[in-house]
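Here are my notes on this entry, set out point by point. Please read them with the structure open.

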Amino acid sequence: MTGELQALLTRLHEKDYKLTPQRKVILKAFVDNKDEHLSAEDIYGIVKEQYPDIGLATVYRTLDLLAELGILLRMNFGDGRFRYEFSNSDVHQHHHLICMECGRVQEFADDLLEDLERRVGEENGFRVVDHQVKFYGYCSECDRKKA
Ligand SMILES: [Zn+2]
Ligand SMILES: [Zn+2]
Ligand SMILES: [Zn+2]
């Protein structure tokens with residue numbers, strides 16, 4: 001087992017949640033697919049291979065729980081289903097580029113928004129502490145096909 005998975009399981013245990021095999025295997029699916037933004041259906045597809053008995057309802061319930069505990073971050077990219085990724089509450093979350101053709105989600109780390117945050121805050125008398133940005137468009141592959 002990787003150290004990362006172990007740390008997550010410990011976190012779950014600390015909050016008095018049992019480490020059921022289903023929870024374990026769902027967390028492992030996230031560890032194994034760290035760069036992806038997985039939906040409940042994606043997770044179900046991965047986990048089913050090891051646990052054919054698992055139901056989609058269990059996956060939904062587990063994802064809800066993990067999001068509530070702050071282990072996962074729930075995101076809506078406007079394609080009608082929630083996607084999940086690990087939440088790192090200590091650092092500012094990266095931002096997302098969403099392809100409107102194939103649904104691929106890319107991440108970008110560049111943050112040019114500190115100035116904007118300050119200006120919006122000053123002009124509206126609001127103390128901004130965080131932001132989330134999504135850019136919609138076409139990934140290079142889809143864009144090439146369109147041309
Ligand atoms: Zn695309
Ligand atoms: Zn992401
Ligand atoms: Zn940012």
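1. A cut-off first. A residue counts as buried when its relative accessible area is under 20%, as exposed when it is over 50%, and as partly exposed in between. R83 comes out at 6%, so R83 is buried. Keep in mind throughout that this is a predicted model.

2. R83 has a salt-bridge partner. Its side chain meets that of D79 at 2.7 Å, N to O. The two ends of this contact are covered to unlike degrees: R83 is buried at 6%, while D79 is partly exposed at 37%.

3. Helix 5 and a wider network come next. Helix 5 spans residues 114–124 and holds both D115 and R118, three residues apart, about one turn of the helix. Salt bridges with shared partners also join D79, R81 and R83 into one network. Back in helix 5, the side chains of D115 and R118 form a salt bridge of 3.0 Å, N to O. D115 is exposed, with a relative accessible area of 52%. R118 is partly exposed at 48%.

4. Helix 2 has a salt bridge as well. D32 and K28 meet through their side chains at 2.8 Å, N to O. Both residues belong to helix 2 (residues 21–32) and sit four residues apart, about one turn of the helix. K28 is partly exposed, at 33% relative accessibility. For the whole structure, the salt-bridge count is seven.

5. Which atoms hold the zinc ion written as ligand 1? Four sulfur donors do: the SG atoms of C99, C102, C139 and C142, at 2.3 Å from the ion. The angles between the four donor atoms run from 102 to 115°, so the arrangement is tetrahedral. Along the chain the donor residues follow C-x2-C-x36-C-x2-C. C99 belongs to strand 4 and C142 to helix 6 (residues 140–146), so this pair ties together parts 43 residues apart in sequence. C99 is buried at 4% relative accessible area. C142 is buried too, at 6%.

6. The zinc ion written as ligand 2 has another donor set. Its protein donors are NE2 of H37, H94 and H96, an OE atom of E107, and two OE entries from E85. They lie 2.0 to 2.7 Å from the ion. The spacing along the chain is H-x47-E-x8-H-x1-H-x10-E. Two of the donor residues link distant parts of the chain: E85 in strand 3 (residues 82–86) and E107 in strand 5 (residues 105–108), 22 residues apart.

7. Why is the arrangement at ligand 2 irregular? The six donor atoms subtend angles of 52 to 159°. Six donors count as octahedral only if opposite donors are over 155 degrees apart and all others lie between 65 and 115. The low end of the range, 52°, fits neither condition, so the site is irregular. The two glutamates also differ in cover. E85 is buried, at 4% relative accessibility. E107 is partly exposed, at 35%.

8. Now strand 3 itself, the strand that carries E85. Four of its five residues are buried, leaving the strand mostly covered. Strand 2 (residues 72–76) runs antiparallel to strand 3, and five bridges join them. One bridge partner in strand 3 is F86, which pairs with L72. Strand 1 (residues 38–39) also pairs with strand 3 in the antiparallel sense, over two bridges. There, L38 stands opposite Y84.

9. Look at the turn between strand 2 and strand 3. This hairpin has five residues between its strands. Within the hairpin, G78 takes a positive phi near 80°.

10. Last, the surface. M100, Y136 and Y138 make a nonpolar patch of about 340 Å². M100 is in the loop between strand 4 (95–99) and strand 5. At a relative accessible area of 51%, M100 is exposed.

Note on methods. Residues numbered from 1 in each chain as written. Chains lettered and ligands numbered in written order. Predicted model: local features only at pLDDT ≥ 70, side-chain atom pairs only at ≥ 80, totals over all residues. Heavy atoms only, no water. Donors = N, O, S within 2.8 Å, 3.2 Å for Na, K, Ca; no water. Tetrahedral: all angles 85-135°; square planar, octahedral: opposite > 155°, others 65-115°. Buried < 20%, exposed > 50% of the residue type's maximum accessible area, 1.4 Å probe, protein only. Pairing = 2+ DSSP bridges. Salt bridge = Lys/Arg side-chain N within 4 Å of Asp/Glu carboxyl O. Patch = residues over 30% accessible without salt bridge, like charges linked within 9 Å, V, L, I, M, F, W, Y side chains within 5 Å. Areas by Shrake-Rupley, 256 points an atom, 1.4 Å probe, with all protein chains shown as cover.
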